[in-house]
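Reader: I've got a structure open and I'd like to talk through how its pieces fit together. Can we take it step by step?

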Amino acid sequence: MECKVCTECLPVTEIILDEVQEQDFTQSLVLPDYDPEIFRVICCTANASVTDYKLSEGKLSYELSVLIRVIYCSEDSPALHCVSQNAVYSKTTDVPEGCDRAVYFHVKTDYQNCRATGKRRLDVRGAVSIRTRVSAERMQEVICDIGNADNGDNAGLQLQQKSVTAVSEMKRTSRNITLSEDVDLGTSKPPVEDILRCSARAVQGECSVIAGKLVLRGEIIADILYRSGSGEDSSMQSMHLSICPYSQIIDLEGIDETFAGTADAQMISFEAKPTGNDMRTLSCTAEVRLMCTACKSRTVPIVTDAYSTRAGCVCESENLKISSAPVSVSETFTCSAAIGSGENAPEQIHDLHCHMKNVSITPLAQQGKIRVCGMLCASVLTGNSDGSSALLEREEAFEELLPISIRADEMLVFAAAEPLDSSYHLGADGSLSIKCSVKLCGMAYPVTNTTGVTGINLNPENAPSCDSDCALRLYYGTAGEHIWDIAKKCSTKVSAIMEENGLTGDVLTKSEMLLIPIVY
């Protein structure tokens with residue numbers, strides 16, 4: 001005997017690749033003829049990012065860019081100078097096949113060393129790690145109901161159903177965009193002589209579905225440190241800018257207003273150059289990767305148990321993962337670090353820059369929290385009374401438990417921790433206290449675990465025994481017992497028990513004697 005079941009296929013987001021690759025780099029930087037000779041290296045940084053990638057025939061190929069910056073001073077002047085060079089590497093890895101795959105990169109610099117091998121030459125060595133995570137949708141078939149059998153007889157099959165909100169359709173894509181803006185310094189800032197540091201982060205704003213298109217808005221927040229003047233008259237200037245507002249229309253085939261859109265903006269590269277005859281204009285160029293998702297959700301009844309009143313019934317069950325709509329993660333916390341008065345106490349602060357190192361992000365889905373831990377790295381560019389500069393660096397471990405509004409059994413999180421604003425307090429004793437506001441931003445994919453029936457086998461030769469001479473049975477039910485369990489045990493219908501005993505809930509609120517109608 002077979003029953004006709006109604007099934008649906010639901011997409012489940014899973015990680016199909018999670019691996020780390022390493023890339024060593026060795027670069028020689030030769031100073032241009034117009035730059036002064038090297039006397040002392042102040043600092044060296046290496047910022048790495050994946051600029052482009054391609055998925056094809058089980059292969060993931062991507063371009064890795066490592067931007068090296070070295071700040072130094074000459075023997076004749078305390079003024080700081082910067083020399084930079086970009087190194088590009090091609091990497092390839094195998095990726096399992098899957099439908100609608102999405103790729104996430106997290107790149108970190110493991111170390112970088114710099115030494116002057118001559119008055120106009122610098123050798124830089126280092127290594128970066130690239131963590132690559134690829135997610136894809138696995139289609140999962142679930143039984144949601146039974147249909148009418150060909151002979152109109154479903155052998156008294158009874159179903160226990162649980163309604164869940166699940167993603168029924170998901171569309172994803174990524175796009176790289178290039179943004180540019182010329183920033184006029186006006187008369188409030190001195191002209192730019194040399195860019196010493198420039199960094200930026202992408203801020204994702206509103207994301208909505210309009211007329212079958214995904215519409216995104218956002219902007220770039222840039223931090224720039226530059227030198228004005230030269231020689232003894234040089235000075236350090238810092239800027240915090242909101243630039244390059246963008247509005248993008250993304251085509252995702254098949255979406256409409258029933259879809260909800262989310263997006264994650266990831267900074268790929270940022271560059272600022274002085275332009276104009278008076279060097280009072282900064283030409284800023286940014287490249288951003290937009291990770292876009294549009295999904296449709298609906299309520300689906302899932303069969304969690306079944307039995308028959310007239311035939312033996314064996315159910316095949318398995319654990320089902322039900323994906324909910326992805327949610328944007330945007331949480332802020334504060335980290336701190338301290339440099340004691342005995343550790344080369346600064347006389348003057350030119351610049352404070354913070355970045356994160358060895359960040360680990362662990363979702364605690366059932367607690368509704370995300371654990372974020374790592375190292376806060378603070379770099380303080382200081383000045384002395386003689387005009388010379390030095391770099392103080394400090395690393396402090398941090399751990400934060402961030403509450404989020406997501407409740408789920410499991411959660412996939414693709415996010416990054418980025419510094420927002422940094423501040424310092426220079427004490428009278430020369431101690432330096434540093435505070436940094438950090439934002440965790442990205443995407444979270446909630447998953448609910450439930451047991452679902454994946455197969456129903458009926459055997460009329462193993463029908464439940466019942467006394468055909470009686471219409472009712474007596475059953476003593478205990479408080480907390482489920483009506484479904486009683487009906488299954490007695491081979492009758494839940495509705496019949498509830499109607500006969502005037503029950504309104506699915507669970508007995510008190511222990512009592514029940515009348516059990518016999519259903520054939």
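Author: Sure, and one term comes up straight away: two strands count as paired if DSSP finds at least two bridges between them. Keep in mind that this is a predicted model.

Reader: Okay, so how many bridges are there between strand β18 and β19, and in which sense do they pair?

Author: Look at residues 410-426 for β18. One spot to check is A417, which stands opposite L440 in β19. The two strands run in the antiparallel sense, and the number of bridges is 15.

Reader: Which residue in the turn between β18 and β19 has a positive phi?

Author: These two strands form a hairpin, with five residues between them. In that turn, a phi of about 90° belongs to G430.

Reader: What is the bridge partner of S330 in β19?

Author: Strand β14, residues 327-339, also pairs with β19, antiparallel and over 13 bridges. S330 has its bridge partner in β19, and that partner is C441.

Reader: And how many bridges join β13 to β19?

Author: β13 covers residues 312-323, β19 covers residues 432-459, and they run antiparallel. For S323, the partner in β19 is V447. The count of bridges joining β13 to β19 is 12.

Reader: Let's move to the open sheet of three strands. Which strands stand at its edges, and why is one side of each left without a neighbour?

Author: The order in this sheet is β1-β6-β5, with antiparallel pairing. Each edge strand has a single partner strand, so one of its sides has no neighbour in the sheet. From one strand to the next, the twist averages 10°. The edge strands are β1 (5-30) and β5 (99-118).

Reader: How many bridges join β1 to β6?

Author: β6 spans residues 121-146 and runs antiparallel to β1. As one example of a bridge, E14 is partnered with A136 in β6. The number joining the two strands is 25.

Reader: Now the helices: is α1 roughly parallel or roughly perpendicular to α2?

Author: Helix α1 (residues 483-490) packs against helix α2 (residues 494-501) at an angle of about 110°, with the axes 8 Å apart. Angles from 65 to 115 degrees count as one class, so α1 is, relative to α2, roughly perpendicular.

Reader: What kind of residues make the contact of α1 with α2: nonpolar, polar or charged?

Author: From α1 come I483, W484, I486 and A487, and they meet V494, I497 and M498 in α2. No polar and no charged residues take part, and the seven in the contact are nonpolar.

Terms used. Residues are numbered from 1 along each chain as its sequence is written. This is a predicted model: local features need pLDDT of at least 70, side-chain atom pairs count only at pLDDT 80 or more; totals for chains, interfaces and linings use all residues. Side-chain values use heavy atoms; hydrogens and water are left out. Helices (H or I, at least four residues) and strands (E, at least two) are DSSP runs, numbered from the N terminus. Axes are lines fitted to C-alpha atoms, for helices over the stretch in contact, and angles run from 0 to 180 degrees between N-to-C directions. Angles under 35 degrees count as roughly parallel, over 145 as roughly antiparallel, 65 to 115 as roughly perpendicular and the rest as oblique. Contact means heavy atoms within 4.5 Å. Ala, Val, Leu, Ile, Met, Phe, Trp, Tyr, Cys and Pro count as nonpolar, Asp, Glu, Lys and Arg as charged, and the others, Gly among them, as polar.
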